[in-house]
Amino acid sequence: GQKVEAIKFVQESLNIPLNTARDQVAEIERYLFNPARAINPRRKKMSPKKFLMVFLLFGTTFMGIAGYLFVKQSQSIAKSDLIRGTVVRMNLNNDGMSAPLIEYQWQGKKWMYASSTYSKPPAYQLNEDVPIYVNREDPGDIIVDTFSDRWLLITIIGTLGLLFTGIALGVLRFTMRR
């Protein structure tokens, strides 16, 4: 609101010519009132409708990924048998989080599975029995039957998808009524 005083202040503070100070103040003013234009004055604004369409695209993509993961997991479980395994060791990462090393028997042979799901505090205890699905075609391919191993990733991605899609559709519907 005090452009002349601002130009004088910048000129005196930085010891620069008047026209340079004027340009600097104009650039600051442009940035304060429209940051996108200050970075690139020729950049066109994205219309709200296009922005919502991008939101909708992300939402549907996330829901598609969650659906794909659900179907793949269901297909894998259909080819598996549910058995019990035992936590024989906890693997620690650099952050002090732990993941279980699970030992299980399949067709008279001992197998080991190192989970990639780390948690703090540990989700398992040593010698704890855990339910696991063992793929009949590939006994090294297992799924631990817990929420964090089976559903957490699907839930997070699906929820993000629903959130993005819901926001986009809600805003589009609200703006259409106006």
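This is a guided tour of a predicted model, moving from the sheet to the salt bridges and then to a nonpolar patch on the surface.

**The sheet**

Begin by selecting the five strands, which form an open sheet in the order 3-2-1-4-5 with antiparallel pairing. At the edges stand strand 3 (109–114) and strand 5 (142–144), each of which has a single partner strand, so one side of each is left without a neighbour in the sheet. If you look along the sheet from one strand to the next, the twist averages 35°.

Next, keep strand 1 (residues 80–92) and strand 4 (residues 129–135) in view, since this is a pair to follow residue by residue: the two run in the antiparallel sense and are joined over seven bridges. Select Leu82 and then Tyr133 in strand 4, which is the bridge partner of Leu82.

**Ser76 in helix 4**

From the sheet, turn to helix 4 (residues 48–78) and select Ser76, which has its place there. Is Ser76 buried or exposed? Its relative accessible area is 15%, and because buried means under 20%, Ser76 counts as buried. To see what surrounds this residue, leave aside its neighbours within four places in sequence and display Asn135, Asp141 and Ile143, with which Ser76 is in contact.

**The salt bridges**

Now show the charged side chains, among which the count comes to four salt bridges; three of them are visited here, namely those of Arg136 with Asp81, Lys110 with Glu103 and Asp145 with Arg150.

Start with Arg136 and Asp81, whose side chains meet at 2.7 Å, N to O. This pair links distant parts of the chain, with Arg136 in the loop between strand 4 and strand 5 and Asp81 in strand 1, 55 residues apart. With the surface switched on, Arg136 is partly exposed at a relative accessible area of 42%, and Asp81 also counts as partly exposed, at 29%.

Move on to Lys110 and Glu103, where the closest N and O atoms of the salt bridge are 3.8 Å apart. Here Lys110 is exposed, with a relative accessible area of 54%, whereas Glu103 is partly exposed, with a relative accessible area of 26%.

Then select Asp145 and Arg150, which form a salt bridge with the closest N and O atoms 2.9 Å apart. Asp145 counts as partly exposed at 25% relative accessibility, while Arg150, at 15%, counts as buried.

**The nonpolar patch**

For the last stop, select Phe147, whose place is in helix 5 (residues 147–150). At 49% relative accessibility, Phe147 counts as partly exposed, and, leaving aside its neighbours within four places in sequence, this residue is in contact with Leu152 and Thr155.

Extend the selection from Phe147 to Leu152, Ile156, Leu160, Leu163, Ile167 and Val171, and you will have a nonpolar patch on the surface, with about 580 Å² of accessible area together. Which helix gives the most to the nonpolar patch? Colouring by element of secondary structure will help to show that this is helix 6 (residues 152–177), which contributes six residues, including Leu163. The tour can end here, with Phe147 of helix 5 and the residues of helix 6 displayed together as parts of the patch.

Note on methods: Residues are numbered from 1 along each chain as its sequence is written. This is a predicted model: local features need pLDDT of at least 70, side-chain atom pairs count only at pLDDT 80 or more; totals for chains, interfaces and linings use all residues. Side-chain values use heavy atoms; hydrogens and water are left out. Patches are made of residues with over 30% relative accessible area and no salt bridge: like charges are joined within 9 Å, nonpolar side chains (Val, Leu, Ile, Met, Phe, Trp, Tyr) within 5 Å. Accessible areas come from the Shrake-Rupley method with a 1.4 Å probe; for residues, only the protein chains shown count as cover. Helices (H or I, at least four residues) and strands (E, at least two) are DSSP runs, numbered from the N terminus. Two strands pair if DSSP finds at least two bridges between them. Axes are lines fitted to C-alpha atoms, for helices over the stretch in contact, and angles run from 0 to 180 degrees between N-to-C directions. Buried means under 20% relative accessible area, exposed over 50%, partly exposed in between (1.4 Å probe, protein chains only). Contact means heavy atoms within 4.5 Å.
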